[in-house]
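Please look over the chain shown below with attention to its surface, its helix packing and its backbone geometry. The report that follows takes these topics in turn.

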Amino acid sequence: MPELPEVESYRRILERHARGRTLAAVSVRDAGVLEGVTPRTLGAALRGRTFHTVTRHGKIVFADLGPGPSLVLRFGMTGDLVPCEEREVPRFARVLFRFTGGGGLAFTDMRKFGSVALTVSPEAYLAERRVGPDALLAGAGVFVARAGVRRAPIKAVLLDQGLLAGVGNLYADEALFQAGVHPSTPAWCLDPARLRRLHAAVRRVLARAVAAEADWGRLPSSWLLPVRDAGPCPHCGRPLRRLRIGGRTSIFCPERQRRAR
């Protein structure tokens with residue numbers, strides 16, 4: 001599932017291929033991915049407009065095309081942005097954006113949990129959906145204050161997009177592993193110092209993954225992500241364990257990550 005580092009790579013793809021380009025056509029091949037807009041309205045709002053800045057907040061990408069509504073892309077579990085030639089239609093393409101002068105981008109999504117939308121501004125879109133601060137930019141103070149009163153498992157708290165936007169299942173596991181925190185520990189059981197260390201781990205993990213362009217092969221061998229499917233723990237060599245928390249699978253080292261009491 002695309003998380004902040006993967007979505008940042010999509011933002012860069014959109015910026016690299018679309019910035020300064022004018023949209024000649026928008027072809028909706030599956031209206032099921034549209035959020036609050038019809039195919040006709042989407043095309044009418046975007047055709048003839050030129051991409052300016054492309055930004056990301058958490059797992060959401062916003063494209064500013066000058067005066068008028070901005071384009072919103074959410075990638076769900078299997079969304080992607082794929083450059084394509086004029087007549088090319090990539091597999092699982094749901095919306096095609098064709099540029100004046102040739103070429104384009106396809107919003108692809110095999111499972112169709114992502115979405116394409118319009119908004120008057122990124123700020124309005126985020127406020128309406130109560131999305132929290134971007135996980136790479138959020139300060140520790142707010143995180144400690146809000147997480148420290150939650151009785152839910154800390155893994156579930158990290159996945160709350162209203163608290164930290166951009167953290168998903170995989171990078172939450174990595175941050176907990178690096179901070180030595182058991183994923184099922186109730187958040188309120190962690191003192192402010194441990195919550196601050198966890199917050200620092202979240203930002204460190206995400207920043208390193210962004211720098212590696214979300215390529216796990218470029219991450220340190222001491223991390224959990226490169227071995228999470230096979231193990232063992234890269235620190236103690238013991239088997240990793242799996243635990244279901246909030247409907248998501250958590251992978252952790254029971255020796256390194258002991259549950260707080």
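## Surface, helix packing and backbone

Met1 is placed in the segment before α1 (4–18), where helices (H or I, at least four residues) and strands (E, at least two) are DSSP runs numbered from the N terminus. The model is a predicted one, in which local features need pLDDT of at least 70 and side-chain atom pairs count only at pLDDT 80 or more, while totals for chains, interfaces and linings use all residues. Residues are numbered from 1 along each chain as its sequence is written, and side-chain values use heavy atoms, with hydrogens and water left out.

With a relative accessible area of 42%, Met1 is partly exposed, a class that lies between buried (under 20% relative accessible area) and exposed (over 50%), with a 1.4 Å probe and protein chains only. Together with Met77 and Phe113, Met1 forms a nonpolar patch on the surface, and the three have about 290 Å² of accessible area together. Patches are made of residues with over 30% relative accessible area and no salt bridge, like charges being joined within 9 Å and nonpolar side chains (Val, Leu, Ile, Met, Phe, Trp, Tyr) within 5 Å; a salt bridge is a side-chain nitrogen of Lys or Arg within 4 Å of a carboxyl oxygen of Asp or Glu. Accessible areas come from the Shrake-Rupley method with a 1.4 Å probe, and for residues only the protein chains shown count as cover.

Arg16, in helix α1, counts as exposed at 59% relative accessibility. The C-alpha atoms of Arg16 and Leu243 are separated by 40 Å, the two residues being 227 residues apart along the chain.

Helix α4 (residues 140–147) packs against helix α7 (residues 192–211) at an angle of about 125 degrees, and their axes are 9 Å apart. That angle makes α4 oblique to α7, since angles under 35 degrees count as roughly parallel, over 145 as roughly antiparallel, 65 to 115 as roughly perpendicular and the rest as oblique. Axes are lines fitted to C-alpha atoms, for helices over the stretch in contact, and angles run from 0 to 180 degrees between N-to-C directions.

Most residues other than glycine have a negative phi, and most peptide bonds are trans. The peptide bond from Gly231 to Pro232 is cis, with omega near -5 degrees, and Pro232 is placed in the loop between α7 and β9 (241–245). Two residues that are not glycine have a positive phi, as tabulated here.

| Residue | Phi | Place | Relative accessibility |
|---|---|---|---|
| Arg130 | about 55 degrees | loop between α3 (122–128) and α4 | 73%, exposed |
| Glu213 | about 55 degrees | loop between α7 and β9 | 52%, exposed |
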